[in-house]
Amino acid sequence: MARLIGASTTLTNITQDAVITTFNSSGNWTGATHTTQAWVLVVAGGAGGAMQGSGGGAGGYLEVPAHPVPSNAVPITIGGGGAGGADGGQGGINENTRGKAGGNSVFGAASPLTAIGGGGGVRGVSGTPRAGQDGGSGGGGYRGGPSAAAGGAGTSGQGNAGGSAIGGNTGGGGGASAVGGTNGTLSPYTYKGGAGGAGIASAVSGSSVTRAGGGGGGWAPGAPGSPWNSSGGAGGGGNGGRYGANHTPIPGHQPHSTAGGTNLGGGGGSSAESNGEAGGSGVVIVNEPALDFVSNTSQVWDLRLVYKNIKAGNWI
């Protein structure tokens with residue numbers, strides 16, 4: 001008499017190549033068939049540097065080596081860089097002289113990873129000290145006297161504060177791995193821009209790239225013959241300079257300030273005598289790991305069918 005055999009097991013070899021997807025603009029991401037987690041980097045837009053003021057903060061930086069991902073499409077938003085402060089007017093009277101905040105970058109809809117846009121550079125009224133704007137990384141402070149003007153605060157786990165300002169200088173924007181620079185003194189009284197804070201290097205894209213550096217502050221040199229420029233932070237931070245990039249180059253009046261790096265989330269540099277520069281746009285990168293494993297799939301009998309066949313003597 002034919003007899004039924006109990007539950008069996010099927011072994012299946014699952015393989016899947018590594019896949020790296022970079023989003024320089026907003027869109028949707030869908031993982032490969034067997035992907036359940038991925039290495040995800042989210043960088044927000046950097047902030048603009050102020051006109052004759054402080055440097056813009058870098059966009060917030062979020063990196064998760066093994067982030068759970070769903071099987072359905074994931075919406076992605078890429079934050080734009082904030083505009084630089086416009087040429088003309090005083091910061092407290094004419095608000096457009098301040099750098100604008102960068103836009104947030106987002107991976108996901110349910111429990112999303114959200115990187116916060118950088119905080120803008122600032123300028124005060126007739127040299128009045130002013131704190132930098134808060135953000136993913138904060139913008140630099142402006143022209144502190146004996147008491148420093150604080151840099152804007154960074155977002156915990158995403159960035160650092162902007163540089164404080166003392167002795168007439170302007171702070172550099174904060175970066176993902178370092179606070180913005182402070183470059184002034186009270187004696188002698190200097191007018192120098194602080195360097196931007198450094199960003200973070202990551203190989204999520206397949207090779208090491210540094211992102212989210214802060215923008216350099218802008219102001220006059222501290223002494224005759226000293227440089228007008230201040231360095232942006234490594235990772236796309238814009239440099240501070242004498243004039244903004246929209247100003248016609250004049251021999252002997254270089255260097256110009258520069259914008260934050262595109263899709264690096266760098267803060268924009270400020271200038272000594274004209275407009276500030278825009279921050280750089282953000283980016284999202286998803287790195288799906290290669291897979292090679294054996295799936296153990298059991299075939300399970302219906303218990304009612306098992307009982308019926310045991311009674312009939314047909315179960316082994």
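Me: Which strands make up the open sheet of four, and in what order?
Reply: The order is β3-β6-β7-β8, with antiparallel pairing. Strands here are DSSP runs of E of at least two residues, helices are runs of H or I of at least four, and both are numbered from the N terminus. Two strands pair if DSSP finds at least two bridges between them.

Me: What kind of model is this, and which cut-offs apply?
Reply: This is a predicted model, in which local features need pLDDT of at least 70 and side-chain atom pairs count only at pLDDT 80 or more, while totals for chains, interfaces and linings use all residues. Residues are numbered from 1 along each chain as its sequence is written, and side-chain values use heavy atoms, with hydrogens and water left out.

Me: Back to the sheet. Which strands stand at the edges?
Reply: β3 and β8 (113-115) do; each has a single partner strand, so one side of each is left without a neighbour in the sheet.

Me: By how many degrees are neighbouring strands turned against each other?
Reply: On average 20 degrees, direction ignored. The axes are lines fitted to C-alpha atoms (for helices over the stretch in contact), and angles run from 0 to 180 degrees between N-to-C directions.

Me: How many bridges are there between β3 and β6?
Reply: Three, in the antiparallel sense. In that pairing, Gly27 has Ile76 in β6 as its bridge partner. Two bridges join β6 to β7, also antiparallel, and Thr77 stands opposite Val106 in β7. β7 and β8 pair over three bridges, with Phe107 opposite Leu113 in β8.

Me: Which face of β6 is covered?
Reply: In β6 (residues 74-77), the covered face has Val74 and Ile76, and the uncovered one has Pro75 and Thr77. In a regular strand the side chains alternate between the two faces of the sheet.

Me: New topic. How many aromatic pairs does the structure hold?
Reply: One. Trp29 and Phe107 form a tilted pair, 5.9 Å centre to centre with 50 degrees between the planes. For the terms: rings of Phe, Tyr and Trp (its six-membered ring) pair if their centres lie within 6.5 Å, and planes under 30 degrees apart count as stacked, over 60 as edge-to-face and the rest as tilted.

Me: Where do the two rings sit along the chain?
Reply: Trp29 is in strand β3 (residues 27-29) and Phe107 in strand β7 (residues 105-107), 78 residues apart.

Me: Is Trp29 buried or exposed?
Reply: Trp29 is buried, at 2% relative accessibility. Phe107 also counts as buried at 2%. Buried means under 20% relative accessible area, exposed over 50%, and partly exposed in between (1.4 Å probe, protein chains only).

Me: What about β4, which strands is it joined to?
Reply: Six bridges join β4 to strand β5 (residues 61-68), running antiparallel, and five join β4 to strand β11 (residues 283-288), again antiparallel. Ala38 has His67 in β5 as its bridge partner, while Val43 has Val283 in β11. β4 (residues 37-43) is mostly covered, with five of its seven residues buried.

Me: Which residues touch the most other members of the largest nonpolar core?
Reply: Of its 16 residues, those are Trp29, Val40, Val42, Ile76, Phe107, Val284 and Val286. β4, β6, β8 and β11 each supply at least two residues of this core, and the largest share, three residues, comes from β4. A nonpolar core is a set of buried Ala, Val, Leu, Ile, Met, Phe, Trp, Tyr and Cys residues joined through side-chain atoms within 4.5 Å.

Me: Any other core, and which residues are among its members?
Reply: Another core of nine residues lies apart from it, with Val43, Tyr61, Val204 and Ala212 among them.

Me: What does Val284 touch?
Reply: Val284, in strand β11, touches Thr21, Thr22, Phe23, Leu41, Val42, Ile76, Thr77, Ile78, Val106 and Phe107, not counting residues up to four places away in sequence. Contact means heavy atoms within 4.5 Å. Val284 is buried, with a relative accessible area of 0%. Its C-alpha atom is separated by 7.0 Å from that of Asn24, 260 residues apart along the chain.

Me: And the whole chain, how many helices and strands?
Reply: One helix and 12 strands. Buried residues make up 48% of the 316 residues.
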